[in-house]
Amino acid sequence: MIHIDADVKFDSKVLTDVAEALEPFATEMFKQRQGRWMAVVEFGHVERTEPGPDEDKNPTVKLRVTTIEVAGDEVTRGRLRGIQREMFDRRTSGGTLFEGVSDSDVA
C-alpha cells in the first residue's frame with residue numbers, strides 16, 4: 001500500500017441540490033453562530049494537484065459536497081451520532097476491535 005501525505009481542501013461551490021437541502025435550515029444556521037448540525041454528506045472529487053519534484057509541497061485533493069441531508073429532528077440526530085461513533089470506533093480501532101467483522105455483520 002502506498003502512503004501519500006495529501007492535503008484535503010473543500011471547494012466552496014454549492015451545487016443546486018445541496019443548496020435546496022440546506023435551505024430549510026438556513027435561517028436557524030444564520031441565527032446560531034455556534035450551532036452544529038448532523039448530516040449525511042457525500043463528497044465528490046473536484047481537483048487533484050501534484051507538486052513537481054522540486055517543490056516542497058504536499059499533493060492536494062479538492063472535494064465538493066455533492067449531496068447532503070441534514071437531520072431535522074432529535075431522533076434522526078441521535079441515530080446519526082450513533083453511526084458516527086461506530087464509524088469512529090472502526091477507524092481508530094487499529095484492526096483489533098472489529099478484526100474479522102464484515103460490514104454485513106455490523107449492519
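## A walk through the sheet, its edges and a helix

Start by selecting V8, which sits in strand β1. Bear in mind as you go that this is a predicted model.

Keep V8 highlighted and add F10, V41 and F43: together these residues make a nonpolar surface patch of about 380 Å². Colouring by strand helps here, since β1 and β2 each contribute at least two residues to the nonpolar patch.

Now show the strands as a cartoon. In what order do the three strands of the open sheet lie? The order is β1-β3-β2, and the pairing is mixed. β1 and β2 are the edge strands, each with a single partner, so one side of each has no neighbour in the sheet. Looking across the sheet, you will find a twist that averages 35° from one strand to the next.

Next, take the pairings one at a time. Strands of a sheet pair through backbone hydrogen bonds, in either a parallel or an antiparallel sense.

- **β1 with β3.** Select residues 7-10 and residues 60-70; these strands run parallel to each other and are joined over four bridges. To find your place, pick K9 and look across to K62 in β3, which stands opposite.
- **β2 with β3.** Select residues 39-49 for β2, which pairs with β3 in the antiparallel sense over 10 bridges. Two checkpoints help: T49 has T60 as its bridge partner in β3, and G44 stands opposite R64 in β3.

Stay on R64 and switch on its side chain. Which residue forms a salt bridge with R64? The partner is D11, with the closest N and O atoms 2.7 Å apart. R64 belongs to strand β3 while D11 lies in the loop between β1 and α1, so this pair ties together parts that are 53 residues apart in sequence. Another salt bridge to display is R48 with E50, where the closest N and O atoms are 2.7 Å apart. In total, the model has four salt bridges.

For the last stop, move to helix α3, residues 74-92. Begin at D73, which caps the N-terminal end of α3: one of its side-chain oxygens is 3.1 Å from the backbone nitrogen of V75. Then put a distance label between the end C-alpha atoms of α3. They are 27 Å apart, which agrees with the 27 Å that 19 residues should span at 1.5 Å a residue. Finish at G94, just after α3, where phi is positive at about 65°.

Note on methods:
Residues are numbered from 1 along each chain as its sequence is written. This is a predicted model: local features need pLDDT of at least 70, side-chain atom pairs count only at pLDDT 80 or more; totals for chains, interfaces and linings use all residues. Side-chain values use heavy atoms; hydrogens and water are left out. Two strands pair if DSSP finds at least two bridges between them. The expected span of a helix is 1.5 Å times one less than its number of residues. A polar contact is a pair of N or O atoms within 3.5 Å; within protein, one must be able to donate a hydrogen and the other to accept it, and residues adjacent in sequence count only if both atoms are side-chain atoms. Patches are made of residues with over 30% relative accessible area and no salt bridge: like charges are joined within 9 Å, nonpolar side chains (Val, Leu, Ile, Met, Phe, Trp, Tyr) within 5 Å. Accessible areas come from the Shrake-Rupley method with a 1.4 Å probe; for residues, only the protein chains shown count as cover. Axes are lines fitted to C-alpha atoms, for helices over the stretch in contact, and angles run from 0 to 180 degrees between N-to-C directions.
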